Amino acid sequence: MSLLNEIDYRRTFLEPMIRIEGGENPSFDFWPYVEGIPKEDYGGYDCSDGSVNFVWRSSDARYEHVLINTKEDKDVFMVIILDRSKKTVVGHRLLDLKMEYGLRD
């Protein structure tokens with residue numbers, strides 16, 4: 001399990017990131033990885049529903065960011081970063097969009 005810091009997380013971005021619409025399946029099964037994420041990495045949030053509304057792909061199509069919804073806050077996600085070329089999980093990061101963009105008190 002690899003909890004990514006800000007620098008390692010940003011390395012998986014290649015602008016522009018492209019939103020992947022529903023209906024396209026991931027290139028491999030990453031859910032076993034998700035099940036092994038330590039509870040403390042969720043920062044008190046609950047993602048147990050496994051609900052995903054957003055998937056973003058880097059413009060070179062190498063990386064995919066799968067945003068798993070939290071039950072408590074529509075602006076907080078557990079992001080799973082997939083390396084599509086290697087068919088491996090790069091790691092994960094709890095993403096609070098309001099915190100990220102300075103909108104949370």
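Buried here means under 20% relative accessible area, exposed means over 50%, and partly exposed is what lies in between (1.4 Å probe, protein chains only). This is a predicted model, where local features need pLDDT of at least 70 and side-chain atom pairs count only at pLDDT 80 or more, while totals for chains, interfaces and linings use all residues. Residues are numbered from 1 along each chain as its sequence is written, and side-chain values use heavy atoms, with hydrogens and water left out.

**Figure 1. The whole protein has three helices and five strands.** Helices (H or I, at least four residues) and strands (E, at least two) are DSSP runs numbered from the N terminus. Starting at the N terminus, the elements go α-β-α-β-β-β-β-α. The C-alpha atoms fill a box of roughly 35 × 30 × 25 Å along the principal axes. The radius of gyration is 13 Å, in agreement with the value near 13 Å for a compact globule of 105 residues; that radius is taken over C-alpha atoms, and the globule rule is 2.2 Å times the number of residues to the power 0.38. Of the 105 residues, 37% count as buried. About 6,300 Å² is exposed, and carbon and sulfur atoms supply 51% of it (Shrake-Rupley method, 1.4 Å probe; for residues, only the protein chains shown count as cover). Take the contacts (heavy atoms within 4.5 Å) between residues at least 6 apart in sequence: 52% of them join residues at least 24 apart.

**Figure 2. Arg-57 and Glu-64 form a buried salt bridge.** A salt bridge is a side-chain nitrogen of Lys or Arg within 4 Å of a carboxyl oxygen of Asp or Glu, and the structure holds 10 of them. This one has an N to O distance of 2.4 Å. How accessible is Arg-57? Arg-57 sits at 12% relative accessibility, so it counts as buried. Glu-64 is buried as well, at 4%. On the backbone side, Arg-57 belongs to strand S2 and stands opposite Ile-18.

**Figure 3. Helix H1 carries a salt bridge between Glu-6 and Arg-10.** The two side chains meet at 2.8 Å, N to O. Why can they pair up? Glu-6 and Arg-10 are four residues apart in helix H1 (residues 6–10), which puts about one helical turn between them. Arg-10 is partly exposed at 34% relative accessibility, and Glu-6 is partly exposed at 31%. Add Arg-93 to the view and you have a network of salt bridges linking Glu-6, Arg-10 and Arg-93. Asp-8 has a salt bridge of its own, to Arg-11 at 2.7 Å, N to O. Here Asp-8 is partly exposed at 28%, while Arg-11 is exposed at 59%.

**Figure 4. Five strands make an open antiparallel sheet.** The order is S1-S2-S3-S4-S5, with two strands counted as paired if DSSP finds at least two bridges between them. S1 (18–19) and S5 stand at the edges with a single partner strand each, so one side of each has no neighbour in the sheet. Two bridges join S1 to S2 (residues 52–57).

**Figure 5. Strands S4 and S5 form a hairpin.** Eight bridges hold S4 (residues 76–83) against S5 (residues 88–96), and the two run antiparallel. Phe-77 has Leu-95 in S5 as its bridge partner. Four residues lie between the strands, and Lys-87 takes a positive phi near 55° in this hairpin. Further along the view is Val-90, found in S5 and partly exposed at 28%. Leaving aside neighbours within four places in sequence, Val-90 is in contact with residues including Ser-2, Leu-4, Thr-12 and Tyr-63.

**Figure 6. Phe-30, Met-78 and Ile-80 touch the most other members of the largest nonpolar core.** A nonpolar core is a set of buried Ala, Val, Leu, Ile, Met, Phe, Trp, Tyr and Cys residues joined through side-chain atoms within 4.5 Å; this one has 14 residues. Helix H2 (31–35), strand S3 (63–69) and S4 each give two or more residues to this core, and S4 gives the most, with three. Not counting residues up to four places away in sequence, Phe-30 touches Val-66, Ile-80, Leu-82 and Val-89. Apart from this core lies another, of eight residues, among them Leu-4, Tyr-63, Phe-77 and Leu-95.
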